[in-house]
Amino acid sequence: MSTVIDGKTVAASVLERVKTSARALEERQGVKTGLAVVIVGNDPASHTYVSSKSRMAKECGFLSVQHTLPEETTQEDLAAIVDRLNADPSIHGILVQLPLPEHFDSDAIIQSIKPEKDVDGLNVVNAGKLATGDLKGGLVSCTPAGAMVFVRQTHGADLSGLNAVVIGRSNLFGKPMAALLLAANATVTVAHSRTRDLPAVCRNADILVAAVGRPEMVKAAWVKPGATVIDVGINRIAAPERGEGKTRLVGDVAFAECKDVAATITPVPGGVGPMTIAMLMANTVIAAHRTAGVEAPTF
């Protein structure tokens with residue numbers, strides 16, 4: 001029987017350390033950690049995410065600033081807000097909620113955020129530092145950072161001798177996840193839609209990370225017995241058993257069958273998801289410590 005990782009419990013542990021670190025920084029250095037979240041438009045899911053991020057920032061004792069902008073906001077207006085937040089010494093982390101409405105050049109906005117305030121870890125400077133193994137100089141994208149907490153809890157900090165397979169090569173998750181695993185000395189394969197005989201590649205993995213956005217694609221026959229399986233997918237599928245028009249969330253891994261093969265597995269929901277916001281808070285308090293010139297905590 002596999003161990004099912006409780007993401008909510010692990011995230012709560014991370015958040016407790018964030019609160020302690022933020023409180024100590026304010027008491028010793030007089031620096032209150034500040035996070036600014038910017039949202040444009042009316043997407044309901046984005047508003048839900050932003051509300052939870054702003055609420056969590058307040059719970060962590062941060063200065064929490066939210067800019068809610070109408071759909072018709074221009075690229076220039078949004079860029080001006082980012083510029084002001086870049087220059088504001090009370091703000092240590094800036095997050096522009098994605099996706100932006102279609103008329104925006106999203107990448108230009110993201111790249112305009114100062115790397116040291118880029119708590120989403122999407123600026124090319126932070127991505128480059130991660131790619132070159134500099135884990136202490138930049139800020140790491142939140143979801144892979146959260147997934148890596150699970151990996152370390154299961155296998156320790158040194159993954160020497162372990163084979164890791166990441167299914168998915170996105171800039172948001174696949175590539176940074178592979179870089180984190182490589183930095184921990186795993187032997188890493190990045191698989192994707194063009195990979196030949198993907199099930200065979202996956203069966204070689206001691207650590208299998210799925211991030212492709214295809215519901216329950218990874219089957220039990222793909223999983224090496226005793227492997228650690230990290231499911232990053234969030235897919236909504238029809239659930240007629242719950243009633244007409246009802247849906248449910250599933251991951252990229254067929255959880256019910258894979259949990260009988262894997263030694264450790266994350267569920268969806270309740271696995272990697274809660275860690276994303278926790279690591280966003282962790283990145284923000286790390287950024288605040290660096291700005292204050294004191295040693296940043298590790299998570």
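Glutamine 97 sits in the loop that runs between β4 (93-96) and α4 (106-112). In this predicted model, glutamine 97 is buried, with a relative accessible area of 6%. Its side chain also makes a polar contact with the side chain of lysine 53, at 2.8 Å. From there, we can walk into the neighbouring sheet, step back to the whole protein, and finish around strand β11.

**Around glutamine 97**

- Setting aside neighbours within four places in sequence, glutamine 97 is in contact with Val38, Ile39, Ser46, Tyr49, Val50 and Lys53.
- Two of these partners, Val38 and Ile39, belong to β2, where they are listed on opposite sides of the strand and are both buried.
- Glutamine 97 counts as buried because its relative accessible area of 6% falls under the 20% cut-off.

**The sheet with β2, β3 and β4**

- An open sheet of 3 strands is arranged in the order β3-β2-β4, and the pairing is parallel.
- At the edges stand β3 (63-69) and β4; each has a single partner strand, so one side of each is left without a neighbour in the sheet.
- On average, neighbouring strands of this sheet are turned by 15° against each other, direction ignored.
- Helix α3 (residues 75-87) packs on the sheet and touches β2, β3 and β4.
- The direction of helix α3 makes about 180° with that of β2.

**Strand β2 and its pairings**

- Strand β2 (residues 34-40) is joined to β4 by 4 bridges, and the two strands run parallel.
- As one point of reference between them, alanine 36 stands opposite isoleucine 94 in β4.
- With β3, strand β2 shares 7 bridges, again in a parallel arrangement.
- Valine 40 has leucine 69 as its bridge partner in β3.
- What share of β2 is buried? The strand is mostly covered, with 7 of its 7 residues buried.
- Both faces of β2 are covered: one side carries Gly34, Ala36, Val38 and Val40, the other Leu35, Val37 and Ile39, and all of these are buried.

**The protein as a whole**

- The protein has 10 helices and 11 strands.
- Its radius of gyration is 19 Å, close to the 19 Å that the globule rule gives for 299 residues, so the protein is as compact as a globular protein of that length.
- Along the principal axes, the C-alpha atoms fill a box of roughly 55 × 45 × 35 Å.
- Buried residues account for 48% of the 299 residues.
- Of the contacts between residues at least 6 apart in sequence, 68% join residues at least 24 apart.
- The accessible surface comes to about 13900 Å², and 52% of that belongs to carbon and sulfur atoms.

**Around strand β11**

- Threonine 264 lies in strand β11 (residues 264-265) and is buried, with a relative accessible area of 9%.
- Not counting residues up to four places away in sequence, threonine 264 touches Ser2, Thr3, Ile5, Thr154, Ala227, Thr228 and Val229.
- Alanine 262 is found in the loop between α9 (255-258) and β11, and is buried too, with a relative accessible area of 5%.
- Leaving aside neighbours within four places in sequence, alanine 262 is in contact with Ser2, Val223, Gly226, Ala227 and Val229.
- Ser2, Ala227 and Val229 therefore appear in the contacts of both threonine 264 and alanine 262.
- How far apart are alanine 262 and alanine 87 in space? They are 48 Å apart, C-alpha to C-alpha, and 175 residues apart in sequence.

Note on methods. Residues numbered from 1 in each chain as written. Predicted model: local features only at pLDDT ≥ 70, side-chain atom pairs only at ≥ 80, totals over all residues. Heavy atoms only, no water. Buried < 20%, exposed > 50% of the residue type's maximum accessible area, 1.4 Å probe, protein only. Polar contact = N/O pair within 3.5 Å; in protein donor to acceptor, adjacent residues only side chain to side chain. Contact = heavy atoms within 4.5 Å. Pairing = 2+ DSSP bridges. Axes fitted to C-alpha atoms, helices over the stretch in contact; angles between N-to-C directions. Rg over C-alpha atoms; globule rule 2.2 N^0.38 Å. Areas by Shrake-Rupley, 256 points an atom, 1.4 Å probe, with all protein chains shown as cover.
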